[in-house]
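Biologist: Could you take one part of this model, go over it closely, and then work outward to other places in the chain? Cut-offs as you go, please.

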Amino acid sequence: MSVTMNPDFAAPHIAILGGGPGGYEAASVAASLGARVTIVERAGLGGSAVLTDVVPSKTLIATSDLMTRVEEASAALGLRLASGSGDSLKRSDLRADLRIVNDRLLGLARQQSEDIRAGLEAQGVRIVLGSGRLVDGSVIEAVTVDGTERIEADAVILAVGAHPRELPTARPDGERILNWAQIYSLEELPEDLIVVGSGVTGAEFASAYNGLGCKVTLISSRDRVLPGSDTDAAELLEKVFTRRGVRVLSRSRAEAVERTEDGVVVTLGDGTKVTGSHCLLCVGSIPNTDGIGLEQAGVAVSESGHIKVDGVSRTSATSIYAAGDCTGVLALASVAAMQGRIAVAHILGDQVTPLNLSHVASNIFTSPEIASVGASEADVATGRIAGDIVTLRLKSNARAKMRNTTDGFVKIISRKGSGTVIGAVVMGSNASELIFGLAMAVEQKLHVDDVANTYAVYPSLSGSLSEAARRLHVHM
């Protein structure tokens, strides 16, 4: 539905519950289009993505990645210790001061949150710091330090996010047993970190703490790490993990985690016990939808508690929309932001393009990174899509050789017959940056020849994108 302007032609009022990417992006767009906007947030602008998840974790990973590159490339690049010993640099020559690392990443998160708040205030968005809940389809009740306030609006957007899932037999204590929001409280590197969960979050933290110099054990209930990702990328990452000393326990489900006098013990499904100094639980998330008045407002939720939405972010209740992790659509900040922007466009009667998940670019910030967009090789293998695939290893790329990069590849998938780019995977350093060009090709339905005939800098890693595309050229 589209909100009709008030009879007195006043700007419509949009109230947003939650200040994460889905909320603050919606607020910014709505304000720029002339709406009155009030946003209610209890922890700080940016939500968990900025304060406890994406920004902190990727900052930690940046430090880890630098240490890893020093160890693996210094000898080949001719870097030696200045002491005159002639020895090449090693990871042991560097020490990560976790207190400084964590102070920095949390400081960056706070600064990013403050920048978001300042930007919204400059646009005229009213920010209410407090907890909120729906009273009905058009009213949010906000509890602040000053009391309770009723916020009436023409439309409401719910962007309440999610929190770390816990296991009944593995309760985090914030000291030895931790979730991904608590890990930044550590002041010293764990001697022996056990990571439970081999999805994106678990793989990223395993990679990061291994790079910082920790002994890491990764417990995976599946056959391999990153079970939902490109098979070639996941298998290569597991080989890299093994080479760097990460112990991967596949097909091993953690049944319980207990704290001991000086560490932790993880009990697996077959009774095996794994000991370590700390345990990090990466077992998914739970939407923050309990106790916010969804039922009385007529907002339908799934069995998992996620808010049900359609392609334009509408819920089952008139004038109520939702965006972000609370919808369970795809737990990416970019998707949350897009959902928020789409909701505002629909509310205000602006041009709307429904959410298209087949064009979402995503990245896994392991070392090396794994980025993907569009159709997968599995789609082709199962016959769901008729496509042609070319995979080009980065070890043949001149720039990769200069940087002593040996792990990674570019994979492009084109539609059989038409040659349209429909999918891609990039694995390697800065894959998160390299995927953008291929994501644009997927979004704009470019032909492989369009990519192949675009000039790439020489030498550059992006040169492998055009080279892979050239190999998909069909001579007519």
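Modeller: I'll begin with one helix, move to a helix that helps cover it, and then visit a few other spots.

Bear in mind that this is a predicted model: local features need pLDDT of at least 70, side-chain atom pairs count only at pLDDT 80 or more, and totals for chains, interfaces and linings use all residues. Numbering starts from 1 along each chain as its sequence is written, and side-chain values use heavy atoms, with hydrogens and water left out. The chain's mean pLDDT (the predictor's confidence in each residue, from 0 to 100) is 94, and 96% of its residues reach 70 or more. Residues 1-8 stay under 50, and the model has 18 contacts for them beyond four places in sequence; a contact is heavy atoms within 4.5 Å.

Now the close look. Helix H4 covers residues 98-122; helices (H or I, at least four residues) and strands (E, at least two) are DSSP runs, numbered from the N terminus. With 25 residues, H4 reaches 36 Å from its first C-alpha to its last, close to the 36 Å expected at 1.5 Å a residue, where the expected span is 1.5 Å times one less than the number of residues. Which residues of H4 are buried? They are Leu98, Val101, Asn102, Leu105, Ala109, Ser113, Ile116 and Leu120, with buried meaning under 20% relative accessible area, exposed over 50% and partly exposed in between (1.4 Å probe, protein chains only). An α-helix has 3.6 residues a turn, so residues three or four places apart point the same way. The cover over the buried residues of H4 includes helices H1 (21-32), H2 (47-51) and H3 (54-77), plus strand E3 (126-129). After H4 comes glycine 124, with a positive phi near 90°.

H1 can be read in the same manner. Its twelve residues reach 16 Å from first C-alpha to last, close to the 16 Å expected. Pro21, Gly22, Gly23, Tyr24, Ala26, Ala27, Ala30 and Ala31 are buried in H1, and what covers them includes H2, H4, strands E1 (13-17), E2 (36-41) and E7 (155-158), and helix H8 (333-347). Glycine 34, just after H1, takes a positive phi of about 95°.

Further along the chain sits H13 (463-470), mostly covered, with six of its eight residues buried: Gly463, Ser464, Leu465, Ser466, Ala468 and Ala469. Their cover includes strands E21, E22 (409-415) and E23 (421-428), along with helices H11 and H12 (448-452).

E21 (residues 387-393) holds isoleucine 389, which counts as partly exposed because its relative accessibility is 28%. Leaving out residues up to four places away in sequence, isoleucine 389 touches Glu377, Val380, Lys411, Ile412, Ile413 and Leu472. Isoleucine 413 is 24 residues from isoleucine 389 in sequence, yet their C-alpha atoms are 4.6 Å apart.

One last stop is the aromatic cluster formed by Tyr184, Phe205 and Tyr209. Rings of Phe, Tyr and Trp (its six-membered ring) pair if their centres lie within 6.5 Å; planes under 30 degrees apart count as stacked, over 60 as edge-to-face and the rest as tilted. The structure holds two such pairs. Tyrosine 184 and phenylalanine 205 have ring centres 6.5 Å apart and planes at 50°, so theirs is tilted. Tyrosine 184 lies in the loop between strands E9 (177-179) and E10 (192-196), and phenylalanine 205, 21 residues away, in helix H5 (residues 200-211). Both tyrosine 184 and phenylalanine 205 are buried.
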